Amino acid sequence: MFRSHVSVTIVRQLVEISTKHRLFVFGKLITGKRIVGSMRWESSIRPAPLLTATPVRTLVDEQTCIKASFLPSNHHVTVCARMRSDEGDLWQSFAHYNSNSGGTFDLNSDLSVGGSYSGCEPMGLFWSMQPAPGERDGLRLRKKCVESPYTVHISLLEGHVSPNQEPVKELAAVTAERWYMAPGVKRQEIRQNGLVGTLFIPPGGSALFSLFFLLFRCSNSPYHFCSLLGPGPFPAMLDMWGMGGGLPEYRSSLFASRGYASFCLAYVGHKDLPGPPNTINVGDSYFQAAFQFLQDHSHIAADKVGIVGLSYGCYLTFHTATLAGVKPACLIGINGPVGSSRELLRVNVMTKECDKDQTFWNYDDQGYVIFKQTSLPSNLYPESIVKLEEITCPLMYIVGEDDLSASSKENADLIEETLRAAGKSHLFTRLSYPGAGHLIEPPYSPMSRASFWAVKPEKLMTLWGGHPAPHAAAQEDAWKKMLEFMELNLRR
C-alpha cells in the first residue's frame, strides 16, 4: 500500500514508468525510490538488460560498437554472436564479460575474461567466429553473394557460459548487418572476348559518397539512394585470387564500396573458362586483355589502374605488370611467389594439372598438406620467375610471418634485393606481420588456419597458418595501409 502523503501525480508517474522506453524508466527510477522510501522497486520494474550494436548496418571493414546496460553491478554475462554462411553453415563466437558498478560494459573498452578471445577486442566477436560444433569439417568463410549481407545475431546470456550448453538464459539481443557491397555499387558479370570475371563500379564522387554512407546507416533499406551518386571516372584495381579457383567477388565489391572500380578475374576452376577445371588454360593475352578492359571502360581513369593478387594471384600480379602494353599505376601482392611452381607446358599457356607435381608437398601429423616449400624461390621454375627489375610502379608486398602455404618472407626478400640492385628500392613497401597466416583478407574476417583444399577425388586439408588475434590485427592494419597505398598512387 502507498503511504498516505504520496500524491495522485506521483501515482500516475509510477504507472507511466512501466510503459515508457527503458531509458526513460531508468531516469525516473531513482526519483521514485526517493519518494516512496523503502518500497522495493527492483522486484517489479528493474529495466530489462539492453544490448546495442552501433551502427547496426555497416560495411565489413567498419567497426560496430557493442554495449550492454541495465545489468546488476559486477554481473557475469556472456556475449554470443551467431550467423549463417551463404552455404547455410552456422558460425559463432562468444566472450565472457563482467559488468561494472554501473551495470554496463562496452566491448570498445572492457576486457573479455574468457571465451573465443580474451582482452580488449572491440571486434573480437566477429574475427573470432568459427564453425559451431556439429558443422561440417574444413570450412572457410567466404562470401558467395555480395549483394546480401551477413546477418549477425548478437545475444547477451546470463553467466559465464558456452552458448552450446543447455539451458542458457538470453537477457537481450540485437541483430547487425555486415555488407561487402554498399548501396549504389554496380555489379556486372563479364563474359566477353574470352574474359571471365565480375566488374564493380562505385556509386559516385566524394561529397555524395559521404552522404550515401550516412544514408546507408540510417535507412532501413540500403538501396534507396543509388540514384544520387555520380558517374566517375574512377581509379580501378584488377583483382586476382589463388589456385583455389572460382571467382571470389568480396574483395572487389569492398574496393568499389570504397570508391575504386574493381574487376575480379577468374583464371582457373570456373565453369566458363576453357579446359578442365583443375588446369590453367589461359595465358598472357588473357591477362593483358583484362587490364586493357579496365583501361578502355568509360567509367574508369585509364592511367589509374592497379593490380592486386593473393597467393598464386600474387605471381600473376607481378607477371602481368611486365607484359607488353600493361602499365599499372601500382601493385599489391599478398603472400605469394614471384614465379610459378607449376611447369609452363607451352608458350603463353599453362596447362599442367594443378596438383600433379607434389615434389615439395609436406604434411603435418594430422595429414594436412603444407604447400610452403613449393614457392621457395629456389623451387620455382626458373623461366617463370618474374623480371622484377622491369617493374616501374610502386609495389606493396604483404607478409604473414606464419604463412604455411607460401614462402612469403623469402619471396619478399627476393623482391627487395632485386629492386635494390636495379636502383628501384623507392618503389618497394613491405608489410610484415608476426603470427599472421596466408589468408590475409578484409578486416574482421574470421581466420581459417586449415580448410579443405579439395574434396574430390579424395578429401585433402591444407594448412594456411596464422593465430587468431595477431592474424586479425594484421588484416585490420594491412587493409588500412592498402587503401592508403591505393589513395596515394591511384588518386593523386
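**Rings, charges and one buried arginine**

Okay, let's start with one tyrosine: Y117 counts as buried, at 5% relative accessibility. Before I go on, please keep in mind that this is a predicted model. W127 is buried too, with a relative accessible area of 6%.

Why put those two side by side? Let me come at that through the aromatic pairs. The count for this structure comes to 15 aromatic pairs. Y117 and W127 make up one such pair, with ring centres 5.9 Å apart and 50° between the planes, and that geometry is tilted. Y117 sits in the loop between β7 (114–115) and α4 (124–127), while W127 belongs to helix α4 itself, so the pair ties together parts that are ten residues apart in sequence.

Now on to another pair, F318 and Y397. Their ring centres are 6.3 Å apart and the planes make an angle of 35°, so this pair is tilted. And which parts of the chain does the F318 and Y397 pair tie together? F318 is in helix α8, residues 312–321, and Y397 is in strand β19, residues 395–400, so the parts being tied together are 79 residues apart in sequence. How accessible are these two? F318 is buried, with a relative accessible area of 0%, and Y397 also counts as buried, at 0% relative accessibility.

One last thing on rings: there is an aromatic cluster made of Y267, Y286, F287, Y312 and Y315. If you have the model open, have a look at that one.

Right, charges next. Searching the whole structure gives 21 salt bridges. I'll walk through a few of them.

Take R258 and E62, whose side chains meet in a salt bridge at 3.7 Å, N to O. This one links distant parts of the chain: R258 is in the loop between α6 (250–257) and β14 (261–265), E62 is in the loop between β2 (57–59) and β3 (65–69), and the two are 196 residues apart. E62 has a relative accessible area of 12%, so it's buried.

Then there are bridges within a helix. K409 forms a salt bridge with D413, and the closest N and O atoms there are 3.3 Å apart. Since K409 and D413 are four residues apart in helix α9, residues 408–421, about one helical turn separates them. Are they buried or exposed? K409 counts as partly exposed at 49% relative accessibility, and D413 counts as partly exposed at 23%.

Over in α10, E484 and K480 do something along those lines. Their salt bridge has its closest N and O atoms 2.8 Å apart. Both residues lie in α10, four residues apart, about one turn of the helix. E484 is partly exposed, with a relative accessible area of 42%, and K480 is partly exposed as well, at 47%. Coming back to K409 and D413 for a second: salt bridges that share partners join K409, D413, E416, R420 and R430 into one network.

While we're on α10, a word about the helix itself. It runs over residues 468–490, which is 23 residues, and it reaches 32 Å from first C-alpha to last, close to the 33 Å expected at 1.5 Å a residue. Which residues of α10 are buried? The list includes H471, Q475, W479, M482, F485, N489 and L490.

Now the arginine from the title, R142. You'll find it in the loop between β8 (130–131) and β9 (150–158). R142 is buried yet has no salt bridge. The nearest side chain of opposite charge, E441, is 4.9 Å away, and the cut-off for a salt bridge is 4 Å, so that pair doesn't count as one. So what does R142 have around it? Its side chain makes a polar contact of 3.3 Å with the side chain of Y250. Leaving aside neighbours within four places in sequence, R142 is in contact with E87, Y150, W241, P248 and Y250.

I'll close with T151, which lies in strand β9. T151 counts as partly exposed, at 43% relative accessibility. Not counting residues up to four places away in sequence, T151 touches R82, M83, T175 and A176. The C-alpha atoms of T151 and S85 are separated by 9.2 Å, and those two residues are 66 apart along the chain.

That's me done. Over to you.

Terms used:
Residues numbered from 1 in each chain as written. Predicted model: local features only at pLDDT ≥ 70, side-chain atom pairs only at ≥ 80, totals over all residues. Heavy atoms only, no water. Buried < 20%, exposed > 50% of the residue type's maximum accessible area, 1.4 Å probe, protein only. Lys, Arg positive; Asp, Glu negative; His and termini not counted. Polar contact = N/O pair within 3.5 Å; in protein donor to acceptor, adjacent residues only side chain to side chain. Contact = heavy atoms within 4.5 Å. Expected span 1.5 Å × (residues − 1). Phe/Tyr/Trp six-rings, centres within 6.5 Å; stacked < 30°, edge-to-face > 60°.
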